Amino acid sequence: MTSGTEDANLKPKRNRSRYALALIPLAVFLGFAAIAGKMLYDQDVNGLDVSAIPSALIGKTAPSLALPPLEGSNTAALTDAAIKDKLTLVNVFASWCVPCRQEHPILKQLANDSRLNIVGINYKDRNDNALRFLGELGNPYKAIGVDPNGKAAIDWGVYGIPESYLVGPDGTILYKKVGPFDERSLTQQLLPAIEKASGAAKS
């Protein structure tokens, strides 16, 4: 009788444990849903660009660059010398990246800005495809370094491409953009950051 009573008492406890375990995935899902909802609310209602993800590197010295050139592009290799003492936009791109194609006209536009030096990290791409991409859309880069295994992208803390980093003349990372530039992020984020950095350099 005693063992039967104990079993009867244990059943509700086991059932509660099963329910608790079953609720864990639901709780995790609801947590992610809440975060996603907050991001969408901030973007749609408050006008915030959630793609401007903060980076641990902002305010710190940019990682060293020593990447080989994109053969056939007639563009310099991407080394520390290519960005030294220049306000530089480091853009991570690839020919297979659809958003890279979408933002490329803006990079071409920025290439005409005398205040800015634009360089590219060609990420996990084939040389011939990268050349075709630039041949079709134009080459806004003063230097291009190939990153076939993604090591340089890891050093820079890349989430996904395209990504861009504004680096001051002293080598400090001033701004990071995850995803493609559009007119809004250009006028509200990047251009003000360029203005600020240019003013600081003059003073």
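## A helix across the sheet

Let's start with helix α3, which lies across strands β3, β4 (117-123) and β6 and runs at about 160 degrees to β3. Please keep in mind that this is a predicted model. Helix α3 covers residues 98-110 and has a kink of about 40 degrees at H104, shortly before the proline P105. If you would like to look at the buried side of the story, the residues of α3 to pick out are C100, E103, H104, I106, L107 and L110. H104, where the kink lies, is thus among the buried residues of the helix.

## The sheet underneath

The strands β3, β4 and β6 that α3 lies across belong to an open sheet of five strands, in the order β5-β4-β3-β6-β7 and with mixed pairing. At its edges are β5 (143-147) and β7 (173-178), each of which pairs on one side only. On average, and with direction ignored, neighbouring strands of this sheet are turned by 15 degrees against each other.

Strands of a sheet pair through backbone hydrogen bonds, in either a parallel or an antiparallel way. Here, β3 (residues 88-93) and β6 (residues 163-167) are an antiparallel pair, joined over five bridges. To find your way along this pair, you can use L89, whose bridge partner in β6 is L166.

## One disulfide

How many disulfides does a search of the whole structure find? There is one, and it is formed by C97 and C100, with their sulfur atoms 2.4 Å apart. The link is right-handed, with 85 degrees about the S-S bond. Both C97 and C100 are buried, and C100 is one of the buried residues of α3 listed above.

## Salt bridges

A search of the whole structure turns up six salt bridges. One of them joins D155 and K151, whose closest N and O atoms are 3.5 Å apart. Both residues lie in helix α5 (residues 151-155), four residues apart, or about one turn of the helix. K151 is exposed because its relative accessible area, 52%, is over 50%, whereas D155 is partly exposed at 39%.

Salt bridges with shared partners also join D113, R115 and E195 into one network. R115 meets D113 at 2.8 Å, N to O, and meets E195 at 3.0 Å. The pair of E195 and R115 links distant parts of the chain: E195 is in helix α6 (residues 183-202), R115 is in the loop between α3 and β4, and they are 80 residues apart. Why does D113 count as buried? Its relative accessibility is 16%, so D113 falls under the 20% limit. R115, at 31%, counts as partly exposed, and E195, at 48%, is also partly exposed.

Technical notes:
Residues are numbered from 1 along each chain as its sequence is written. This is a predicted model: local features need pLDDT of at least 70, side-chain atom pairs count only at pLDDT 80 or more; totals for chains, interfaces and linings use all residues. Side-chain values use heavy atoms; hydrogens and water are left out. The bend at a residue is the angle between axes fitted to the seven residues ending there and the seven starting there. Helices (H or I, at least four residues) and strands (E, at least two) are DSSP runs, numbered from the N terminus. Buried means under 20% relative accessible area, exposed over 50%, partly exposed in between (1.4 Å probe, protein chains only). Two strands pair if DSSP finds at least two bridges between them. Axes are lines fitted to C-alpha atoms, for helices over the stretch in contact, and angles run from 0 to 180 degrees between N-to-C directions. Contact means heavy atoms within 4.5 Å. A disulfide is a pair of cysteine sulfur atoms within 2.5 Å. A salt bridge is a side-chain nitrogen of Lys or Arg within 4 Å of a carboxyl oxygen of Asp or Glu.
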